[in-house]
Amino acid sequence: MRALAVALAAVALATPLAQSADYLESRRGPDGGVSEPGGRADAALTAWAILALRAVGRDPGRAAREYVRTAAPEDVTQTALRALALDDDALLDRLEAARRP
C-alpha cells in the first residue's frame, strides 16, 4: 500500500511539471525562439524556457540554444540570463569584462 501511495504521489507531482514543459515546448517557433501567445520570439523568454526545461530533465534543443546564443543581448541582465541558460564561458567572460570597477 505504501509503494502505491509513493507511486501516486510521484505521478501527481510529475504531471504538472510535464504539462508545463509540454506547454513551453509548444511555444517554440521554427527558429527555436519561444514566444508568448500572439507574440514574437524573445531571447530572454527563450533563455528562461531553456532553464525550465533543463530543470525537469528535458533537452531544450539545439535550435533554442542557438536562438539565445545568436540574439543580441539588450542589457547585462539578459547576458547573465543567457550565460546561465547556455552554461557559456564566453558570455561569462563578456560579463566580467563589462564589470564596473
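**Exercise 1. Work out the fold of the protein chain: how many helices and strands does it have?**

Step 1. Count the elements: the protein chain has five helices and zero strands, where helices (H or I, at least four residues) and strands (E, at least two) are DSSP runs numbered from the N terminus.

Step 2. Read along the sequence, and the pattern is α-α-α-α-α.

Step 3. Keep the source in mind: this is a predicted model, in which local features need pLDDT of at least 70, side-chain atom pairs count only at pLDDT 80 or more, and totals for chains, interfaces and linings use all residues. Residues are numbered from 1 along each chain as its sequence is written, and side-chain values use heavy atoms, with hydrogens and water left out.

**Exercise 2. Find the residues that make up the largest nonpolar core.**

Step 1. Start with burial: 27% of the 101 residues in the protein chain are buried, meaning under 20% relative accessible area with a 1.4 Å probe, protein chains only.

Step 2. Apply the core rule: a nonpolar core is a set of buried Ala, Val, Leu, Ile, Met, Phe, Trp, Tyr and Cys residues joined through side-chain atoms within 4.5 Å. The largest one has 11 residues: Ala44, Ala47, Ile50, Leu51, Ala64, Val68, Leu81, Ala83, Ala85, Leu86 and Leu91.

Step 3. Assign them to helices: H2, H3 (62–70) and H4 (76–86) each supply at least two residues of this core.

Step 4. Zoom in on Leu81: beyond its neighbours within four places in sequence, Leu81 is in contact (heavy atoms within 4.5 Å) with Ala44, Ala47, Trp48 and Leu51.

**Exercise 3. Describe the setting of Thr46: is this residue buried or exposed?**

Step 1. Locate Thr46 in helix H2, residues 43–55.

Step 2. Check its accessibility: Thr46 counts as buried because its relative accessibility is 0%.

Step 3. List the contacts of Thr46, not counting residues up to four places away in sequence: Gly32, Gly33, Val34, Ala64, Tyr67 and Val68.

Step 4. Look at the side chain of Thr46: one of its polar atoms lies 2.7 Å from the backbone nitrogen of Val34.

**Exercise 4. Which residues line the largest cavity?**

Step 1. Search on a 1 Å grid over the protein atoms alone, where a cavity is a set of points at which a 1.4 Å probe fits but cannot get out. The whole structure holds one cavity of 30 Å³ or more.

Step 2. Give its volume: the largest cavity comes to about 40 Å³, taken as the space filled by probe spheres set on the points.

Step 3. Name the lining, residues with an atom within 4 Å of a point: Leu24, Arg28, Val34, Thr46, Ala49, Ile50, Leu53, Pro60 and Ala64. H2 gives the most, with four residues.

Definitions and conventions. Buried means under 20% relative accessible area, exposed over 50%, partly exposed in between (1.4 Å probe, protein chains only). A polar contact is a pair of N or O atoms within 3.5 Å; within protein, one must be able to donate a hydrogen and the other to accept it, and residues adjacent in sequence count only if both atoms are side-chain atoms. On a 1 Å grid over the protein atoms alone, a cavity is a set of points where a 1.4 Å probe fits but cannot get out, and a pocket is an open set with protein on both sides within 12 Å along at least five of seven lines; lining residues have an atom within 4 Å of a point. Grid points are joined across faces, edges and corners, and a volume is the space filled by probe spheres set on the points.
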